[in-house]
Amino acid sequence: MTGSTPPRKRRFLKGEADSVPSQRRHGARDDERGSSDSGSASLEPAADRADLPVRADTPAPVARRRVAVIRDRTREGVRKGGNRARAALGHLADRIIDIAPRIPVRDLAALRRQFPGLGPEQLADKLVAGAATATATVGAGIGAAAMMPVPPAMPTELAAEITGVAAIELKLIAELHEVYGVRPPGTLKQRSTAYLNSWSGERGIDVSKPSTVSGALNSRMKQQLRQQIMKRVVRDLPNLMPFMVGAAVGAVMNRRDTRRLAERIRADLRRVQVPWDALPALPPLEKPADPLTLGDGPKELG
């Protein structure tokens, strides 16, 4: 109203404000801040109110349980898959270890009678060419068998190819050591173990270094053998492509891998090569009691 005293200039009746606000009916306070009695409404956020919506950043209990179940099943599946893969690799390694002493190996005298008039390098070239053709044939055969892929048969086909190729390459490694005059000492089983070490490490054997001539299958050698088998499994997966594509791919890749392995072995053997005229008289290689027929290797091993 015009002429009235402005609110900012009004004076309290007493010199200071009341220390205790006056109470009115139902506990209301004059200062319009609400009642502070027990049981009255609070300005703090309610955490256990059922009528309030659930926070968006907190998943519902059902969703949390589902996520936990999926996570646990995924971990269990990965663990079981890893165990199965390790078991399969261990089985393949055991099969290759078992067949290694059964592989027939020709000594230097037999090779020179079979290929007369050839020197060490020419004879080694003949052996590499024959082994590359044999592994290519195995790859083509497995690829043809996988023309129409059947998932349950794929592990068996891979195992047959890996063991068949390993047998051919172990025979090649043993005969290359004969050609270069670096026959490892020991019995048939000890030499087979040394050739296994050479195959898994892709290196030649130096008889002057005991670390490269190991006649015992220790844990390190078995681990290295499993790693080599795993590499072969990964490289042989394209062989299972359908419609005869895997046959061509398997033949090409196996021939390439065998030649690459042979080149590494020969590079190591050339450094420790012993000329034929300087070789001492070596006894003939003993024949295995149950020789493995490499032509039927993949069928038998599969």
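## A first look at an all-helix model

Confidence in the protein chain peaks in helix α2 (residues 108–114), with a mean of 93, and is lowest in helix α8 (residues 297–301), where the mean is 40. Keep that contrast in mind as you explore, for this is a predicted model. The chain holds eight helices and zero strands, and it encloses one cavity of 30 Å³ or more.

**How far to trust the model**

- Across the protein chain the mean pLDDT is 74, and 59% of the residues reach 70 or more.
- The end of the chain calls for care: pLDDT is below 50 over residues 296–302, a stretch with 11 contacts in the model beyond near neighbours in sequence.
- Residues 24–30 also stay under 50 in pLDDT, and the model gives them 12 contacts beyond four places in sequence.
- Where pLDDT is low, the predicted coordinates should not be read in detail.

**The overall build**

- Reading from the N terminus, the elements run α-α-α-α-α-α-α-α.
- The protein chain has 302 residues, of which 35% count as buried.
- About 19,000 Å² of the chain is exposed, and carbon and sulfur atoms supply 58% of that area.
- If you look at contacts between residues at least 6 apart in sequence, 74% of them join residues at least 24 apart.

**The largest cavity**

- A volume of about 180 Å³ is found in the largest cavity.
- This cavity is lined by 15 residues, and those closest to its centre are Ile-103, Val-105, Leu-188, Ser-192 and Tyr-195.
- Helices α4 (154–179) and α5 (188–201) each supply at least two residues of the lining.
- Of these, α5 gives the most to the lining of the largest cavity, with four residues.
- By residue type, the lining of the largest cavity has 10 nonpolar residues, one polar and four charged.

**The second largest pocket**

- The second largest pocket holds about 190 Å³ of space.
- Its lining counts 13 residues, with Leu-108, Ala-109, Leu-279, Pro-280 and Leu-282 closest to the centre.
- Helix α2 gives the most to this lining, with three residues, and α2 is also the helix where confidence is highest.
- The residues lining the second largest pocket divide into nine nonpolar and four charged, with no polar ones.

Methods. Residues are numbered from 1 along each chain as its sequence is written. This is a predicted model: local features need pLDDT of at least 70, side-chain atom pairs count only at pLDDT 80 or more; totals for chains, interfaces and linings use all residues. Side-chain values use heavy atoms; hydrogens and water are left out. On a 1 Å grid over the protein atoms alone, a cavity is a set of points where a 1.4 Å probe fits but cannot get out, and a pocket is an open set with protein on both sides within 12 Å along at least five of seven lines; lining residues have an atom within 4 Å of a point. Grid points are joined across faces, edges and corners, and a volume is the space filled by probe spheres set on the points. Ala, Val, Leu, Ile, Met, Phe, Trp, Tyr, Cys and Pro count as nonpolar, Asp, Glu, Lys and Arg as charged, and the others, Gly among them, as polar. Buried means under 20% relative accessible area, exposed over 50%, partly exposed in between (1.4 Å probe, protein chains only). Contact means heavy atoms within 4.5 Å. Accessible areas come from the Shrake-Rupley method with a 1.4 Å probe; for residues, only the protein chains shown count as cover. pLDDT is the predictor's confidence in each residue, from 0 to 100.
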